[in-house]
Amino acid sequence: MPRETTQEKSARLILNHAVEFDYLLPGEGQATVRGDHDTYTVMFDERGTYTCSCFTGRHQCSHISAVREFVRGTEKAVNRLLAEAIKIAKGD
Ligand SMILES: [Zn+2]
């Protein structure tokens, strides 16, 4: 079987619900990713810097790739939910 690409693996991680967010804010977050061998922590900040606790570290690993795809796909919904929460908190 040919070796799985980073893209294929990150898609598989998302489909397997291997990505779990500890917190997710616009431009900032932390997620736990259940990889094939271990569980890793992926963090990102508003500068768009992603780091992973796996040995590949700062380079483009499938864990970072999976979290990045997930964030991209949910960004709009997260921003909308936050805007609503702020409105409620203000009592509007
Ligand atoms: Zn990693």
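In this predicted model, the largest nonpolar core comprises 15 residues, of which V19, V33, V42, A66 and V67 touch the most other members. Strands β2 and β3 and helix α2, which covers residues 62–90, each supply at least two residues of this core, and the largest contribution, five residues, is that of α2. One of the well-connected members, V33, has contacts that reach into several parts of the chain: leaving aside residues up to four places away in sequence, V33 touches L13, A18, V19, T39, Y40, V42, H63, A66 and V67. Among these contacts of V33 are V19, V42, A66 and V67, which are themselves listed with V33 as the core residues that touch the most other members.

The core belongs to a protein whose secondary structure consists of two helices and four strands, arranged from the N terminus in the order α-β-β-β-β-α. The C-alpha trace extends over about 55 × 20 × 20 Å along its principal axes. Of the 92 residues in the protein, 21% are classed as buried. When contacts are restricted to residues at least 6 apart in sequence, 36% of them join residues at least 24 apart.

The four strands form an open sheet in the order β1-β2-β3-β4, with antiparallel pairing. Strands β1 (residues 19–25) and β4 stand at the edges of this sheet, and because each has a single partner strand, one side of each is left without a neighbour in the sheet. From one strand to the next, the twist averages 15 degrees. In general, the strands of a sheet pair through backbone hydrogen bonds, in either a parallel or an antiparallel manner.

Within the sheet, strand β2 (residues 28–34) is joined to β3 by six bridges, the two strands running antiparallel, and together β2 and β3 form a hairpin with four residues between them. Two of the residue pairings can be named: the bridge partner of A31 in β3 is V42, and that of V33 in β3 is Y40. Strand β3, spanning residues 39–44, presents a covered face made up of Y40, V42 and F44 and an uncovered face made up of T39, T41 and M43. The β3 partners of A31 and V33, namely V42 and Y40, thus both lie on the covered face of β3.

On its other side, β3 is joined by three bridges to strand β4 (residues 50–52), again in an antiparallel arrangement. Here F44, a residue of the covered face of β3, has Y50 as its bridge partner in β4. The hairpin of β3 and β4 has five residues between the strands, and in this hairpin G48 takes a positive phi near 80 degrees.

Residue T32, which is found in strand β2, is partly exposed, since 16 other C-beta atoms lie within 10 Å, a count that falls between the limits for exposed (12 or fewer) and buried (20 or more) residues. Not counting residues up to four places away in sequence, T32 touches E20, D22, T39 and T41, and of these T39 and T41 belong to the uncovered face of β3. T32 and H63 are 31 residues apart in sequence, and their C-alpha atoms are 9.0 Å apart in space.

The two helices also meet one another. The axes of helix α1 (residues 6–15) and α2 come within 8 Å and cross at roughly 60 degrees, an angle that makes α1 oblique to α2, and the crossing of the two helices is right-handed. At this meeting, T6, Q7, K9, S10, L13 and I14 in α1 face S62, S65, A66, E69 and F70 in α2 as contacting residues. Two of these residues, L13 from α1 and A66 from α2, are also among the contacts of V33.

The loop between α1 and β1 contains H17, which has a positive phi of about 55 degrees although it is not a glycine. Most residues other than glycine have a negative phi. With 8 C-beta neighbours inside 10 Å, H17 counts as exposed.

Note on methods
Residues numbered from 1 in each chain as written. Predicted model: local features only at pLDDT ≥ 70, side-chain atom pairs only at ≥ 80, totals over all residues. Contact = placed C-beta atoms within 7 Å. Pairing = 2+ DSSP bridges. Core = buried A, V, L, I, M, F, W, Y, C linked by C-beta atoms within 7 Å. Axes fitted to C-alpha atoms, helices over the stretch in contact; angles between N-to-C directions. Parallel < 35°, antiparallel > 145°, perpendicular 65-115°, else oblique. Left-handed = near helix turned anticlockwise from the far one by under 90°.
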